[in-house]
Amino acid sequence: MLAAGGVMAGIYAWERYMLRVRVLEEWQTIFIEIAGEINYSAESMSQICSRIENMSVYGKKFWGEMSKQTKYKNEGLIGTFWKEYLDGYKYWELLSAEDKNIIYRFGESFGTLDIYSQINEIKMYEKRIEGNISDARQKMREQKKVCIFMGLISGLMAGICLF
Amino acid sequence: MDKKKDEIIKLLPLDIRKLFKFCDIEFSKLQEIRLRVNMPIMILYDSMEYFISCRGEMTKERKNGYRVSCAQIKEAMVYISNYSRYAFEEEIRQGFITVEGGHRVGVAGKIIWDSGKIRNISYISFINIRVSHEVIGCARGVMRYLRDESEFFNTLIISPPRCGKTTLLRDIVRIAADGSEIDRGMTVGIVDERSEIGACHLGCPQNNIGCRTDVLDGCPKSQGMMMMVRSMAPEIVAVDEIGSKDDAAAIEYVMNCGINVIATVHGLDMDEVINKPVIGELVRKRRFKRYIVLKRGKMGQIAAIFDDRGNVIY
């Protein structure tokens, strides 16, 4: 039982790698969605954020706040509140420093450029995040066995110590 | 008025908003706010120019004026474009953006050319916020000269700049479209090349232009008039600031289709307009039945109304 518990703990530790991949994949989808909206319908940022709020799994609260703030123009430039509200993004703490940097940098220029520049910039960030997703998937595969094995060992050691 | 104040204040950078909150400004008299990089904030208030000081007071002294920085101009552009600069690329290319409330924001800066056309304006360093002032009812007094029992007359409004010709045109359109107990409402088509009549923001007119009015926003007048006639079956077509050969040709086309035209033209008086090469031709052919001349230097005041023979009827 303790061994099984250890394995479960190992799986839980491994899932954190998996969630990082999921969150990054969602951001990649969001970048593609935003680029599409800007290119084909040139909707306002508030409308885009509202649309993404509906489709997002991990960032509903964040995109909801962004939609509200960009509608009412009370909080200042987007760079001032983008970072602050990102703390409310689910599993934000699981992302690496580089993942976060990509998303911060995107927020600083979102909505301040013309169509051509904005779309090119989004493509650039999307490529960077794709690189990070590949790394994250690789890590996830590598860590799976390690986490489960460590969990099993911890469970067995706990059993030995107790008995 | 609070709504108008709110609409204007929200276009300004946060630091400048604080100044305007201290400032004892009646927004009904505010005509323009000009932001120029490294220059003091200037406003046109009740037809007089003032600077805004660092304490939020209106002053005539330039040296006391609060200077606008480059970063503040960028910040203002973010709010003006609703955090969506990409969505206003076409408007920026034209040199102005119509914002919520019908206010027009003119922009200037470095032009980027592409194959002989303006592609974009980058490094926007000059912003002119023109506050929209709809004057509902300003055309009530002239309507009886513009129609009889059977028809609405082709009308030309002649005015120098900044004397209220667009405001008058807008109200004529509104009254014609809405009708009254005596007169039936008429279908009006506005070709609003510079978004000044309807002041459409994201496709929605911000001014009251009547319940039977359709708007072609941002469309060149000559093409727009033809399109309007073919697609929307108007009884009246309204256009602002006619002057070119294409405009005149389109107006004749519209009139030949049996549709009435209300238009405005720059000019001090009838004599000046008659001497214009293109519009003068329309006047000499007596294509317009009514001419409304506005007083120079006086906002919205009518100097005279003429009929097609040049007789003064008001």
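A residue counts as buried here when its relative accessible area is under 20%, and as exposed when that value is over 50%. The model on the screen is a predicted one, and the tour begins in chain B.

**Stop 1: helix α2 of chain B**

Select residues 14–22 of chain B, which form helix α2. Which residues of this helix are buried? They are B:Ile16, B:Arg17, B:Leu19 and B:Phe20. These residues lie on the same side of α2(B), because they cover an arc of only 160° around the axis. Now turn to the other side of α2(B), where B:Lys18, B:Lys21 and B:Phe22 are exposed.

To see what lies over the buried residues, display the elements of chain B that cover them. These include the helices α1 (2–9) and α3 (70–80), together with the strands β1 (30–36), β2 (42–45) and β3 (48–52).

**Stop 2: the open sheet of chain B**

Next, colour the strands of the sheet in chain B. Its 7 strands follow the order β4-β3-β2-β1-β7-β6-β5, the sheet is open, and the pairing is antiparallel. Which strands stand at the edges? They are β4 (58–59) and β5 (96–98) of chain B; each has a single partner strand, so one side of each has no neighbour in the sheet.

Then restrict the view to β1(B) and β2(B). These two strands pair in the antiparallel sense over 4 bridges. For one such pair, select B:Leu30 and its bridge partner in β2(B), B:Tyr45. In general, strands of a sheet pair through backbone hydrogen bonds, in either a parallel or an antiparallel sense.

**Stop 3: strands β15 and β16 of chain B**

Move to residues 302–307 of chain B, strand β16, which is mostly covered: 5 of its 6 residues are buried. Add strand β15 (residues 290–294) of chain B, which is joined to β16(B) by 5 bridges and runs antiparallel to it. Within this pair, B:Leu294 stands opposite B:Ile302 in β16(B).

**Stop 4: salt bridges**

Over all chains, the structure holds 27 salt bridges. Three of the pairs in chain B are visited here.

Select B:Glu241 and B:Lys165, whose side chains meet in a salt bridge at 3.6 Å, N to O. The pair ties together parts that are 76 residues apart in sequence, because B:Glu241 lies in the loop between β13 (236–239) and α8 of chain B, whereas B:Lys165 lies in helix α6 (residues 165–178) of chain B. Both B:Glu241 and B:Lys165 are buried.

Proceed to B:Arg194, which forms a salt bridge with B:Glu196; the closest N and O atoms are 3.0 Å apart. B:Arg194 counts as partly exposed at 36% relative accessibility, whereas B:Glu196 counts as buried at 14%.

The next pair is B:Arg284 and B:Glu281, with side chains that meet in a salt bridge at 3.5 Å, N to O. Both belong to helix α10 (residues 279–284) of chain B, and because they are 3 residues apart they are separated by about one helical turn. B:Arg284, at 46% relative accessibility, counts as partly exposed, and B:Glu281 counts as partly exposed at 36%.

Finally, select B:Arg104, B:Arg130, B:Lys165, B:Arg194, B:Glu196 and B:Glu241 together, since salt bridges that share partners join them into one network.

**Stop 5: a cysteine in a loop**

Centre the view on B:Cys257, which is placed in the loop between α8 (245–256) and β14 (260–266) of chain B. Is this residue buried or partly exposed? B:Cys257 counts as partly exposed, because its relative accessibility is 38%. Draw a distance from its C-alpha to that of B:Ser53: these two residues are 56 Å apart in space and 204 residues apart in sequence.

**Stop 6: where chain A meets chain B**

Show both chains and select the residues in contact: 24 residues come from chain A and 16 residues from chain B. Between them, the chains bury about 1700 Å², 57% of it on carbon and sulfur atoms. On the side of chain A, the residues that lose the most area to chain B are A:Lys73, A:Leu77 and A:Asp114, which together account for 35% of what that side buries.

How many salt bridges are counted between chain A and chain B? The count is 0. Polar contact between the chains is counted for 6 residue pairs, both residues being at pLDDT 80 or more. To finish, highlight α2 (45–55), α3 (60–72), α4 (78–86) and α6 (115–162) of chain A, the elements that give two or more residues to the side touching chain B.

Terms used. Residues are numbered from 1 along each chain as its sequence is written. Chains are lettered from A and ligands numbered from 1 in the order in which they are written. This is a predicted model: local features need pLDDT of at least 70, side-chain atom pairs count only at pLDDT 80 or more; totals for chains, interfaces and linings use all residues. Side-chain values use heavy atoms; hydrogens and water are left out. Buried means under 20% relative accessible area, exposed over 50%, partly exposed in between (1.4 Å probe, protein chains only). The arc is that of the directions from the helix axis to the C-beta atoms. Contact means heavy atoms within 4.5 Å. Two strands pair if DSSP finds at least two bridges between them. Buried area is the accessible area (1.4 Å probe) that two parts lose on being put together, summed over both. A salt bridge is a side-chain nitrogen of Lys or Arg within 4 Å of a carboxyl oxygen of Asp or Glu. A polar contact is a pair of N or O atoms within 3.5 Å; within protein, one must be able to donate a hydrogen and the other to accept it, and residues adjacent in sequence count only if both atoms are side-chain atoms.
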